[in-house]
Amino acid sequence: MKREKLAAVRGMNDLLPAEAPLWEAFEARAIDVLRAYGYRQIRTPIVEHTALFARGIGEVTDIVEKEMYSFVDQLNGEHLTLRPEATASVVRACIEHNLLYEGPRRLWYMGPMFRHERPQRGRYRQFHQVGAEALGFAGPDVDAEQIVLLKRLWDVLEIGPVRLELNSLGSGEERARHRAALIAYFEAHADQLDADARRRLHANPLRILDTKNPAMQELVRQAPRIADYLGAESRAHFERLQELLAAAGVPYSINPRLVRGLDYYNLTVYEWITDRLGAQGTICGGGRYDPLMELLGGKSAPGCGFAIGVERVIELLREAGERGDTSDCDVYVLHQGGGTYLAALRAAESLRDAGLDVILHAGEASLKSQMKRADASGAELAVIVGETEAAEGKAAVKGLRARGAEAPFAQQRVVPLAELGEAVSAALAAMSASNAQPGT
Ligand code: HAM
């Protein structure tokens, strides 16, 4: 009986080996930059109680209303959800483990998030974020620091121009007054509202500002602006942030309509946007969420953070021709079976002792066909343990890439097994130094 083929769930992607090096390169650089600013890793579960997100992100948001993978645990009746984001989880973990007891924290995380959105380029149902949360810091200096961190990351990644849009949502009180003004304004123009906006009018009028409906753009443009409702403290926070960004040389523009899709924000909100990804051009979003800790049952403490959409940044890197380290190993070891295999095995282990990545040819094949595999593996060097070499306790080493006659092992050379690790390491170090030198 032929069984039906099973495919991955729509909007959820396999990361195949050809693509993985690019992800690894991105992740390594992101972690480097996060560590350069004192961030430490936190890992939270992928499944949380549904109430965490309903309360944390907000009942009247797209995410909670229609994008969550929520289910009832068949075994104990608990209402659970695959995390659509990680800020609520990190704050929950901080409360649960009293992480702020010893002072404020800078935390980073990465991993899959789940939202039941309509899949398209740059938008998936399982996607990945690298994010950071700074908890216990109230001042705009940390908002600025995170933005500077992100600018550094974009520069390190060389992903080309990304613009920063910034807004301040003020305090809860200020938002309440702005909200009342918005409701009054939209009620006065009720005939111009679409169904979505009408539904949101009383529950979450701020989100109407986010509408993509072309027919409502003018209406939204004329709507009361939060900036006109900010009190002295909120204005000072926003102004200081701008001063710090200017001093750090980070260009930005203020977008008074930037409201973000999650309800926990106050004061600073921002997005980094590129024009090179079509409709899904936001590669990172973040801001301050001072009310969240208390909202989730903890002692009040300020917080701010961001999350980067990994798939989107990866696409920019791919377009820039970046591929990551696509080689399988540094050295490919060939042998002629029988006794030579044992000598080759020892040679491979000694190379691994020297810290090298090594593939030892598995199974028996002609040296010619092993050489083809060695070439395809991306290795710089082949180590050949033939009958003669094995008998003499030696191995032949040969460069696999065209690097000129002067390059180490440009000509095949025999090396005693006892010296193999050192000789091969030195050769690889010389090759990578010559790679790093411009014009060679
Ligand atoms: P967010 O704006 O919902 O914020 O998501 C952050 C980023 O994740 C987006 O800018 C986008 O690049 C990426 N992203 C979101 N949804 C998808 C999707 N369906 N497919 C592909 N990429 C996607 C948050 O999640 C907040 N937790 C950020 C934050 C942290 N705010 C404070 N701290």
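## Close-ups of a predicted model

**View 1. Helix 11, tucked inside.** In this predicted model, helix 11 (residues 310-319) has 8 of its 10 residues buried, so the rest of the structure largely encloses it. The buried ones are V310, E311, R312, V313, I314, E315, L316 and L317. Who does the covering? Among the elements packed over those residues are helix 1 (20-36), strand 6 (126-135), helix 5, strand 10 (282-288) and strand 11 (303-309). After the helix comes G321, with a positive phi near 85°.

**View 2. E311, a glutamate under cover.** Zoom in on helix 11 and you find E311. Is E311 buried or exposed? Its relative accessibility is 13%, so E311 counts as buried. Leaving aside residues up to four places away in sequence, E311 touches W23, Y124, Q126, F127 and H128. G122 is also worth a look here: 189 residues separate G122 from E311 in sequence, yet their C-alpha atoms sit 6.5 Å apart.

**View 3. The largest nonpolar core.** This core has 42 residues, and the members that touch the most others are F26, I147, W154, W272, I283, F306 and I308. Helix 5 (residues 140-157) puts in the largest share, with 8 residues. A second core lies apart from this one; it has 33 residues, including I63, V64, A93 and Y124. Back in the main core, what does I308 touch beyond its sequence neighbours up to four places away? The list runs F26, H128, Q129, V130, L150, L153, W154, I283, C284 and V313.

**View 4. The ligand and its shell.** There are 27 residues around the ligand, and E85, E117, E133, Y265 and T282 come nearest. On the polar side, R115 has a polar side-chain atom 2.9 Å from a ligand oxygen. Y264 also reaches in with its side chain, placing an N or O atom 3.0 Å from a ligand nitrogen. F306 takes part through its backbone instead, with an N or O atom 3.3 Å from a nitrogen of the ligand. How much of the ligand does the protein bury? On its own the ligand exposes 660 Å², and the protein buries 96% of that. Strand 6, strand 10 and strand 11 are the elements that give two or more residues to the shell. Strand 10 supplies the largest share, 6 residues.

**View 5. Helix 2 and what covers it.** Helix 2 (residues 50-57) is mostly covered, with 6 of its 8 residues buried. Those six are T50, L52, F53, A54, G56 and I57. Which elements lie over them? The cover includes strand 2 (47-49), helix 3 (62-67), strand 3 (69-72), strand 4 (79-82), helix 4 and helix 10 (292-295). Following helix 2 is G58, which has a positive phi near 115°.

**View 6. E165 and its partners.** E165 is part of strand 7 (residues 163-168). With a relative accessible area of 13%, E165 is buried. Which side chains does E165 pair with? One partner is R163, joined to E165 by a side-chain polar contact of 3.4 Å. Another is N255, where the side-chain polar contact with E165 is 2.8 Å. Skip the residues up to four places away in sequence, and the full set touched by E165 is S253, N255, L258, V269, Y270, E271 and I273.

**View 7. Positive phi without a glycine.** N98 has a positive phi of about 50° even though it isn't a glycine. Where does N98 sit? It is in the loop between helix 4 (87-96) and strand 5 (105-114). At 48% relative accessibility, N98 counts as partly exposed. L267 is another non-glycine with a positive phi, about 45°. This one belongs to strand 9 (residues 266-273). L267 counts as buried, at 11% relative accessibility.

**View 8. Stepping back to the domains.** The domain assignment splits the protein into domain 1 (20-170 + 230-319) and domain 2 (331-428). How many Å separate their centres? Taken over C-alpha atoms, the centres of domain 1 and domain 2 are 47 Å apart.

Technical notes:
Residues are numbered from 1 along each chain as its sequence is written. This is a predicted model: local features need pLDDT of at least 70, side-chain atom pairs count only at pLDDT 80 or more; totals for chains, interfaces and linings use all residues. Side-chain values use heavy atoms; hydrogens and water are left out. Domain bounds come from an automatic or database domain assignment. A nonpolar core is a set of buried Ala, Val, Leu, Ile, Met, Phe, Trp, Tyr and Cys residues joined through side-chain atoms within 4.5 Å. Buried means under 20% relative accessible area, exposed over 50%, partly exposed in between (1.4 Å probe, protein chains only). Helices (H or I, at least four residues) and strands (E, at least two) are DSSP runs, numbered from the N terminus. Contact means heavy atoms within 4.5 Å. A residue is near a molecule or strand if one of its heavy atoms lies within 4 Å of it. A polar contact is a pair of N or O atoms within 3.5 Å; within protein, one must be able to donate a hydrogen and the other to accept it, and residues adjacent in sequence count only if both atoms are side-chain atoms. Accessible areas come from the Shrake-Rupley method with a 1.4 Å probe; for residues, only the protein chains shown count as cover.
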